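Biologist: I should like to understand how the labels attached to a protein model are justified. Could we take them one at a time, setting each value against its definition?

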Amino acid sequence: MPAITLTTLQGLKQKGEKITMLTCYDATFAHACNEAGVEVLLVGDSLGMVLQGHDSTLPVTTAEMAYHVACVKRGNSDALILADLPFMAYATTEQAMTNSALLMQAGAHMVKVEGALWLADSIRLLAERGIPVCAHMGLTPQSVNILGGYKVQGRNENQARQMRADAISLEQAGAAMLLLECVPSELAEEISHAVKIPVIGIGAGSATDGQVLVLHDMLGLSITGRVPKFVKNFMTGQPNIQAALSAYVAEVKAATFPGIEHGFSA
Ligand code: KIV
């Protein structure tokens with residue numbers, strides 16, 4: 001059991017203290033993130049883009065995710081490890097259970113799935129069987145081909161109403177955390193108040209219960225040179241990576257990151 005558990009994260013939300021999360025894919029960075037005080041390590045399928053060099057997260061397999069979860073587990077002592085179920089690994093409830101079991105057995109403490117209301121059955125079944133689930137809503141990169149690109153979601157009133165309703169339904173189904181990616185800051189704030197479970201944002205403004213960034217982005221590393229608006233390079237002005245990780249934790253805790261310039265309007 002790590003020092004940080006779901007109960008810790010719930011307590012942070014109740015106290016109004018911001019939760020810190022970063023993506024992490026290996027043992028050395030897991031240790032460095034622990035030293036900096038990052039509370040949640042997300043073994044994200046973004047590894048398909050930043051480690052493997054693909055142009056989307058779709059090629060990533062459950063076996064590859066399990067490998068990286070095991071690497072992170074070896075370097076981690078304190079943080080809660082959240083692992084992505086990759087593309088099509090939870091298309092049915094049976095697949096969701098089988099593949100979540102593989103990630104939990106590799107060392108994850110919680111799994112993340114992308115989508116909306118259709119996830120409710122899988123979330124209920126997983127939670128009943130002891131697997132906490134984070135529901136990733138808004139811009140869901142595994143659906144990039146349906147969404148027509150990496151675009152802000154929930155900008156019109158119908159979409160916003162649906163996202164609010166789905167967030168509440170997924171909490172009722174047993175989701176233990178929500179992650180909102182690229183949604184207008186005001187909508188993310190409303191959803192964060194509407195549910196009791198912690199809500200983590202990326203490109204979702206400063207009012208969510210916590211923040212996450214892709215590790216390589218916040219260290220100023222990019223293959224494509226395209227940096228999303230919501231990213232801040234924490235290496236700027238810092239002597240080394242360890243100091244940049246600590247600066248990220250300090251700025252999220254102080255609610256100075258993200259700034260208004262990192263968010264989206266409706
Ligand atoms: O895979 C990932 O890194 C993610 C973040 C973008 C939140 O899901």
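Modeller: Let us begin with a term: a cavity is a set of grid points where a 1.4 Å probe fits but cannot get out. The largest cavity of this structure, which is a predicted model, has a volume of about 40 Å³.

Biologist: How many cavities of 30 Å³ or more does a search of the whole structure find?

Modeller: The search finds one. The largest cavity, at about 40 Å³, passes that limit.

Biologist: What makes a residue part of the lining of the largest cavity, and which residues are they?

Modeller: A lining residue has an atom within 4 Å of a grid point. Gly201, Ile202, Gly203, Gln211, Val212, Leu213, Phe230, Phe257, Pro258 and His262 line the largest cavity. Strand 7 (199-202) and strand 8 (210-213) each supply at least two of these residues, and strand 8 gives the most, with three.

Biologist: How do the residues of this lining divide by class?

Modeller: Six are nonpolar, four are polar and none is charged. Gly counts as polar, so Gly201 and Gly203 of the lining belong to the polar class.

Biologist: What kind of peptide bond joins Phe257 and Pro258?

Modeller: That bond is cis, with omega about 0°. Pro258 lies in the segment after helix 11 (241-253).

Biologist: What is remarked upon in the backbone of Met88?

Modeller: Met88 has a phi near 65°, which is positive although the residue is not glycine. Met88 belongs to the loop between strand 3 (80-84) and helix 5 (93-106).

Biologist: Let us turn to the pockets. How much space lies in the largest pocket?

Modeller: The largest pocket holds about 960 Å³. Its lining consists of 38 residues, and Met49, Tyr150, Val214, Asp217 and Pro228 are the closest to its centre. By class, the lining has 18 nonpolar, 10 polar and 10 charged residues.

Biologist: How do you know that the ligand sits in a particular pocket, and which pocket is it?

Modeller: A molecule sits in a pocket if more than half of its atoms lie within 2 Å of the grid points of that pocket. The ligand sits in the largest pocket, so more than half of its atoms satisfy that limit.

Biologist: Which residues surround the ligand?

Modeller: The ligand is surrounded by Thr23, Leu42, Gly44, Asp45, Ser46, Asp84, Lys112, His136, Leu179, Glu181, Ile202 and Val214. This shell has four nonpolar, four polar and four charged residues.

Biologist: Why are the pairs that Ser46, Asp84 and Lys112 form with the ligand called polar contacts?

Modeller: A polar contact is a pair of N or O atoms within 3.5 Å. A polar side-chain atom of Ser46 is 2.5 Å from an oxygen atom of the ligand, and one of Asp84 is 3.0 Å from an oxygen atom of the ligand. For Lys112, an N or O atom of the side chain lies 2.7 Å from a ligand oxygen atom. Each distance is within 3.5 Å, and therefore each pair earns the name. On its own the ligand has 260 Å² of accessible area, of which the protein covers 95%.

Biologist: What is the volume of the second largest pocket, and what lines it?

Modeller: Its volume is about 480 Å³. Its lining has 23 residues, with Gly115, Ala116, Trp118, Thr140 and Ser143 nearest its centre. Helix 8 contributes the most, with four residues. The lining includes 11 nonpolar, 10 polar and two charged residues.

Definitions and conventions. Residues numbered from 1 in each chain as written. Predicted model: local features only at pLDDT ≥ 70, side-chain atom pairs only at ≥ 80, totals over all residues. Heavy atoms only, no water. 1 Å grid on protein atoms, 1.4 Å probe; cavity = no way out; pocket = protein on both sides within 12 Å on 5 of 7 lines; lining within 4 Å. Points joined across faces, edges and corners; volume = space filled by probe spheres on them. Helix = DSSP H or I, 4+ residues; strand = E, 2+ residues; numbered from the N terminus. Near = heavy atom within 4 Å. Polar contact = N/O pair within 3.5 Å; in protein donor to acceptor, adjacent residues only side chain to side chain. Areas by Shrake-Rupley, 256 points an atom, 1.4 Å probe, with all protein chains shown as cover.
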